[in-house]
Amino acid sequence: MEVVAKEPNKEEVHPEREETTEALMNEKRLFRPLPELVVNANINPNDYENAVRKGKTDLEGFWEEAAMELDWFRKWDKVLDRSDAPFYKWFVNGKTNIAYNALDRHVKTHRKNKVAIIFESEAGQRTRMTYYDLYRASNMVANALTSLGVRKGDRVAIYLPNIPHIAICMLACAKLGAVHSVVYAGFSAIALRDRVNDAQAKVIITVDGFHRNGKVIKLKEVVDEAMLDCPTVETVIVAKWADIPVDMSDGRYVWYEDLMEGESKSFETVSMDAEDPLFILYTSGTTGKPKGILHTHGGYQVGINRTLKWVFDIKETDIFWCSADPGWITGHSYIVYGPLIAGTTTVMYEGHPLYPTPDRMWQIIAKYGVTILYTAPTTIRMLMRFGAHYPKKYDLSTLRLLGSVGEPINPEAWIWYYENVGNHNCPIMDTWWQTETGMFMITPVPSNVLKPGSAYKPFPGVQADVVDAKGNPVPTGKGGFLVIKEPWPAMARNIYKEPERYKEVYWSKMPGVYLTGDMATKDEDGYFWLQGRSDDVLNIAGHRIGTAEIESALVSHKWVAEAACIGVPDKIRGEIAKIFVILKEGVEEDEDILVNELKAHIRKKMGPLVIVKSISFQDKLPKTRSGKIMRRVLKAEELGLKVGDLSTLDN
Ligand code: WT7
């Protein structure tokens with residue numbers, strides 16, 4: 001793992017962001033919900049107001065009520081323990097297992113043979129798995145993992161695409177108390193290796209290959225490369241999926257199908273302490289080393305269940321499609337665990353949204369009668385480009401709610417989504433949250449009045465505010481740091497093995513509050529307008545990538561002496577990377593060769609997530625006297641904006 005010890009830049013509020021937010025807030029169109037939606041909603045306007053009030057006056061009571069909706073093997077003694085803050089504990093001494101709530105309890109009811117997962121492959125084949133199917137499949141994997149020596153607390157890396165196996169394996173880990181660490185299948189061998197080694201995983205679960213955009217991605221080969229340096233891994237389980245030839249000669253590799261042969265379909269789900277770890281999910285920060293965000297069994301399930309039930313108004317009859325990938329927190333919370341706990345039907349699609357034609361998503365909605373679609377602004381903007389005649393060709397009338405996540409949604413995309421996908425009938429739930437928050441934090445519910453571009457207000461039981469650098473609330477209409485003032489049950493409990501870093505990054509700059517890293521503005525009605533990150537983290541197509549990680553990948557190349565990376569606006573992806581490089585002495589390659597080689601190098605190091613607009617070669621970079629690169633200066637020059645205070649600039 002490469003560690004670049006860098007202090008995060010203490011950026012001030014970007015003046016250009018305030019200007020654009022002001023323009024957005026002038027938008028006077030209000031979107032009121034349809035009466036029938038409000039009448040039948042899981043939370044009606046009256047109860048919503050009461051819940052907001054209760055969340056403020058009786059935080060613990062509010063979340064305790066939410067916890068009662070789930071099954072526990074033993075009830076908690078105390079809802080919230082603040083004694084070791086910021087290491088808060090929820091549902092102290094409660095015993096539970098999230099997989100019990102997602103599967104076991106359903107198979108004792110009429111949901112036993114209800115469809116849990118509708119899966120569509122990129123080639124268009126459908127597979128339906130009932131709750132009972134999923135229950136038995138995950139029991140078998142839990143048994144197989146146990147026979148491989150995996151025990152409660154051990155880490156299992158899951159490197160799988162968006163196919164049912166990923167849900168089965170996550171649930172299997174949860175059942176036996178192993179901690180899963182899902183690594184998004186778009187990450188490179190090096191990124192996989194770093195994550196596997198940081199978590200000291202005993203097992204990796206993967207596939208031979210999968211389909212994306214008409215091509216076969218040979219995932220097993222990526223694992224082979226990572227495995228050259230993964231000393232803790234004893235077994236690699238390979239599921240057959242793309243049916244391509246793979247080399248299984250290494251003694252550590254076993255076929256998934258062979259392991260399942262004759263395996264028992266029953267497994268006794270392990271009783272876990274509410275605070276026992278459920279998973280680690282790595283996310284980028286302001287240094288080159290990703291943070292292993294740690295979530296637990298108890299509070300996490302309470303948070304995602306309550307938010308999904310109220311925000312997406314989930315009912316048993318819904319067909320819920322969250323088009324993210326299970327490799328991100330969105331997929332953990334709202335493809336796998338949330339919908340299954342709610343006993344609804346969740347949709348998974350293996351492939352690319354434009355494959356083979358730009359109507360693939362609308363086709364899937366029509367084919368399965370999807371009732372709720374939850375997707376990202378970058379996807380909406382991409383589909384918008386192909387025109388409204390694509391969604392118009394399909395019967396999308398089953399849709400009743402829409403959702404957005406990953407970055408601020410621009411009002412143009414909001415309106416297009418509302419008119420052409422929702423046919424003016426479906427409110428758009430713009431949900432602000434993070435890997436660290438585990439659940440929706442700033443979000444409307446269907447009965448709220450919406451303003452396109454605003455994520456509404458904090459969810460009941462969530463205390464959020466916008467403050468200045470000293471932690472004082474900023475006046476209405478002024479930008480500031482978004483903070484969360486009270487703990488919430490689905491909050492991250494730690495950074496894996498780095499408690500000091502956890503305290504430092506989130507809890508130390510402003511004592512007593514959780515610092516989100518985002519900037520926001522509140523308008524006169526109390527609506528929150530998110531304005532992007534305050535730190536050196538890019539948001540490329542909804543994917544969070546630290547500039548330090550990109551820079552550290554670059555300087556590992558033999559030609560590169562120094563590198564700086566900034567985000568520049570992009571019409572479809574929101575933001576993409578622009579890179580400045582100082583070459584080492586004596587490197588005299590042609591510029592084309594340099595650029596291609598460095599782009600390929602980033603891809604190799606990090607995977608295809610980092611989209612590079614351009615690489616330019618410099619003799620020097622703007623730095624502070626203490627030697628920190630001032631990305632803000634590069635950005636202002638690039639975008640033709642005011643540079644701001646230059647008193648700390650050295651050269
Ligand atoms: C960052 C978290 C949580 C799932 C997806 C990404 C940005 C997320 C919104 C939204 C404005 C948003 C923030 C946040 N973000 N949702 N609705 N409006 N910005 O999870 O990778 O942990 O990234 O995504 O900047 O901090 P993540």
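Biologist: What makes the nitrogen atom of the ligand and a polar side-chain atom of Asp430 a polar contact?

Modeller: In this predicted model, the two atoms lie 2.7 Å apart. A polar contact is a pair of N or O atoms within 3.5 Å, so the pair involving Asp430 qualifies. Because the model is predicted, local features need pLDDT of at least 70 and side-chain atom pairs count only at pLDDT 80 or more, whereas totals for chains, interfaces and linings use all residues. Residues are numbered from 1 along each chain as its sequence is written, and side-chain values use heavy atoms, with hydrogens and water left out.

Biologist: Which polar atom of Glu407 is paired with a nitrogen atom of the ligand, and how far away is it?

Modeller: The atom of Glu407 belongs to the backbone, and the distance is 3.4 Å. An N or O atom in the side chain of Thr435 is 2.5 Å from an oxygen atom of the ligand. The protein covers 95% of the 550 Å² of accessible area that the ligand has on its own, as computed by the Shrake-Rupley method with a 1.4 Å probe.

Biologist: How many residues surround the ligand, and which are the closest?

Modeller: There are 17 residues around the ligand, and the closest are Asp430, Thr431, Thr435, Asp518 and Arg544. A residue belongs here if one of its heavy atoms lies within 4 Å of the ligand. By class, the shell has 6 nonpolar, 6 polar and 5 charged residues. Helix α12 (329-341) and strand β25 (528-533) each supply at least two residues of this shell; such elements are DSSP runs, of at least four residues for helices (H or I) and at least two for strands (E).

Biologist: Why is Val483 called buried?

Modeller: Its relative accessibility is 1%. Buried means under 20% relative accessible area, partly exposed is the range in between, and exposed means over 50% (1.4 Å probe, protein chains only), so Val483 is buried. Val483 is found in strand β22 (residues 479-484). Leaving aside neighbours within four places in sequence, its contacts (heavy atoms within 4.5 Å) include Gln463, Val467, Met510, Val513 and Leu515.

Biologist: Why do Gln200 and His424 count as partly exposed?

Modeller: Gln200 has 38% relative accessibility, and His424 has a relative accessible area of 43%. Both values fall between the two limits, so both residues are partly exposed. Gln200 lies in the loop between α8 (189-199) and β8 (203-207), and its phi is near 50 degrees, a positive value in a residue other than glycine. His424 is likewise not a glycine, yet its phi is about 65 degrees; its place is in the loop between α16 (411-421) and β20 (428-430).

Biologist: Which residues touch the most other members of the largest nonpolar core?

Modeller: Of its 211 residues, these are Phe312, Tyr337, Trp362, Leu373 and Ile550. Membership requires a buried Ala, Val, Leu, Ile, Met, Phe, Trp, Tyr or Cys residue, joined to others through side-chain atoms within 4.5 Å. Helix α7 (residues 164-176) gives the largest share of this core, 10 residues. Apart from it lies another core, of 7 residues, among them Val483, Met510, Val513 and Leu515.

Biologist: Which residues of helix α17 (residues 499-507) are buried?

Modeller: Arg501, Tyr502, Tyr506 and Trp507 are buried. The buried residues of α17 pack against β15 (291-296), β23 (494-495) and β24 (514-522).

Technical notes
A polar contact is a pair of N or O atoms within 3.5 Å; within protein, one must be able to donate a hydrogen and the other to accept it, and residues adjacent in sequence count only if both atoms are side-chain atoms. Ala, Val, Leu, Ile, Met, Phe, Trp, Tyr, Cys and Pro count as nonpolar, Asp, Glu, Lys and Arg as charged, and the others, Gly among them, as polar.
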